[in-house]
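Please read the points below beside the sequence and the coordinates, which are shown first.

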Amino acid sequence: MTGLPERRQPDVPAPVATGGRDSNPDWYRTAVFYEVMLRTFADSAGSGSGDLPGLIQRLDYLQWLGVDCLWLPPFHPSPLRDGGYDVSDYTAVAPQYGTLDDFRTLVTECHHRGMRIVVDLVMNHTSDQHPWFQASRSDPNGPYGDFYVWSDDNTRYQDARIIFVDTETSNWTFDPVRRQYFWHRFFSHQPDLNFENPRVVDAMLDVARFWLHLGVDGFRLDAVPYLFEAEGTNCENLPETHQFLRKVRRMIDEEFPGRIMLAEANQWPEDVVHYFGTEEEPECHMCFHFPVMPRIYYALRDQRATQIVDILADTPPIPSSTGQWSTFLRNHDELTLEMVSTEERASMYGWYAPDSRMRANVGIRRRLAPLLDNSRKEIELAHALLLSLPGSPCLYYGDEIGMGDNIWLPDRDAVRTPMQWTPDRNAGFSTADPGKLYLPLVQSLVYHYGNVNVESQLAQPTSLLHWVHGMLAVRRQHPALGLGTFEVVPCDNESVLTFLRRTDDETILVVANMAATARAATVTLPGWAGAATRDVFGGAHFPDVRPDGTLTFTLGSREFYWLELTAS
């Protein structure tokens, strides 16, 4: 095998040299995150599955792209019945991904490049193969007997909704070994941990300490609203959950300052905002803003900005001065439609998932480019909104090159296919026999890896990849897009979204046309009469704001402007 040539790989432009991580404790407020699943990204050993050494080999690419922080979903030992979120050992690396030494190397190499790394902490549940659960079911009176939520009947907590409605009919499953029912908010092979048990709390804090000692910069807290249960409630967002999170935050602040907690709470903003805690009793540094995501897609087909404006108007201020939202267009899960109305959901299914195979649970299992019919203008506008609306953006691997999906694969594997690096065998992802890959490559007519790959887009200066790289570079130059206040400004055209992002040092005016056809719009900018305007991309000067505080634009289909305002 040593006689075979090494696989050809794209030549990545040299990134700008960095001096390693900066010491800013608020780094996350201006950072661009990038979700990369180990199994999907790069296979260094020819096993057919991505691994830690493979990811390490790709860090130069991610640094060049402009990524500030990696988010790694679970890479722990797991039966992989839920993409690794069914953890069977919290303090180890699954052998197919590498070793703990490989992980230490990844952290070191990330930090050397000025990037950070956040990993998933799946606190709500384990796999039913976890030794804790096996001990709990076989020895009810033993040390792990009370580690899970057991009941003699399945009638408790009837007000709790079922999340995976496609596969589960109850949140209780009977265990034939213990002869009791166990509680689970997700799959029946994922029993919920019992956080009423102080030993579970201590065990989870020790799990967090384990990875923090290895150098991770924080955690994405998976499924955090469901940690506790209480009769007569929907078992979500309970006060006990917030009390626990404050305890985790105190531990991190005292023992590992500068590390962050990012809450995955798919709830309405008025509920999610409590996961930031308060100045006196902080909880999470960041929270995903789930409801804004589907409204970006809705606005693109509705051709009106109303939905985006309304949800941001309904978003309360973050109670902590150092809190930050996290925003995204797509990730490894389905595009969830839980946070839209029944009518809006029906519209979005019609627009974005006409084939029933495109749907999963209460959502759509498609990638960004296929969702937007591979329209370059719509993909660019969606990114422009992601990068300018309040919050730190999180990109999903492969979306920077417009990767497609495979709706013929089961469940959410549709959007978890191997990264497409080159047009060569296995897209440069692996040297394994193609039949050995953990999932087949995308080979559809439009999104075939021979056409859509990193190498070809690096060779095209006008490619989507270079465009995303350029956008991230521009965003980095304008901290107002991360730290600034958000203010919608009046506009006379409902298709055009207009808002200001402002800090003490700069003000950025964003003007975005949601319509598929050209629009003219007049924006009213109170207090900015006579102000000069400058395009932040090319530096071109636009007309000054009129004496009456208005400014008129014409925009082509899906066009947008980012303009810097300078007072006269």
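The numbered points that follow concern a predicted model, and they take up its cysteines, strands, a helix, cavities and several single residues.

1. On the cysteines, the count of disulfides comes to zero. A disulfide is a covalent bond between the sulfur atoms of two cysteines. The sulfur of C69 has its closest cysteine sulfur in C110, but the two are 8.4 Å apart and therefore too far from each other for a bond, given that the cut-off for a disulfide is 2.5 Å. Seen from the other side, C110 is likewise in no disulfide, and the nearest cysteine sulfur to its own is that of C69. Both residues are out of reach of the surface by the accessibility criterion, since C69 has 0% relative accessibility and counts as buried, and C110 also counts as buried at 0%.

2. C69 leads on to strand β2, which spans residues 69–72. Which way do the side chains of β2 point? C69 and W71 point one way, whereas L70 and L72 point the other way, and all of them are buried. In a regular strand the side chains alternate between the two faces of the sheet.

3. Strand β2 has partners in both β1 and β3. Strand β1, residues 33–35, is joined to β2 by three bridges, and the two run parallel; within this pairing, E35 stands opposite W71. Four bridges join β2 to β3, residues 116–122, and these strands also run parallel, with V119 in β3 as the bridge partner of L72.

4. A separate point concerns an open sheet of three strands in the order β4-β6-β5, where the pairing is antiparallel. The edge strands are β4 (150–151) and β5 (172–175), each of which pairs on one side only. Between β4 and β6, the latter covering residues 180–183, there are two bridges, and the strands run antiparallel; S151 has Y181 in β6 as its bridge partner.

5. Helix α11, residues 342–352, has E344, M348, Y349 and Y352 as buried residues. They are on the same side of α11 because they cover an arc of only 140° around the axis. An α-helix has 3.6 residues a turn, so residues three or four places apart point the same way. The exposed residues T342, E343 and A346 are carried by the face of α11 that is turned away from the buried side. As for what the buried residues of α11 pack against, the elements are α9 (292–302), α10 (306–313), β12 (359–360), β13 (363–364) and α12 (368–371).

6. Regarding internal space, how many cavities of 30 Å³ or more does the structure hold? It holds four cavities at or above that volume, and the largest has a volume of about 420 Å³. Its lining consists of 27 residues, and those closest to the centre are F164, F186, E264, D333 and R412.

7. R412 appears again among the contacts of E334, a residue in the loop between β10 (324–328) and β11 (335–336). Is E334 buried or exposed? With a relative accessible area of 12%, E334 is buried. Once its neighbours within four places in sequence are left aside, E334 is in contact with A360, N361, G363, I364, R365 and R412. By contrast, E334 and W64 are 28 Å apart in space, C-alpha to C-alpha, and 270 residues apart in sequence.

8. Two backbone values deserve a look, in residues other than glycine. N237 is not a glycine, yet its phi is positive at about 60°; N237 is found in the loop between β7 (218–222) and α7 (239–255), and its relative accessible area of 18% makes it buried, against a cut-off of 20%. R558 also has a positive phi, near 55°, and is a residue other than glycine. The loop that holds R558 is the one between β21 (550–555) and β22 (560–566), and R558 is buried at a relative accessible area of 5%.

9. Finally, T105 is placed in helix α4, residues 100–112. With a relative accessible area of 37%, T105 is partly exposed. The C-alpha atoms of T105 and S326 are separated by 27 Å, and the two residues are 221 apart along the chain.

Notes:
Residues numbered from 1 in each chain as written. Predicted model: local features only at pLDDT ≥ 70, side-chain atom pairs only at ≥ 80, totals over all residues. Heavy atoms only, no water. Buried < 20%, exposed > 50% of the residue type's maximum accessible area, 1.4 Å probe, protein only. Arc of directions from axis to C-beta. Contact = heavy atoms within 4.5 Å. Pairing = 2+ DSSP bridges. 1 Å grid on protein atoms, 1.4 Å probe; cavity = no way out; pocket = protein on both sides within 12 Å on 5 of 7 lines; lining within 4 Å. Points joined across faces, edges and corners; volume = space filled by probe spheres on them.
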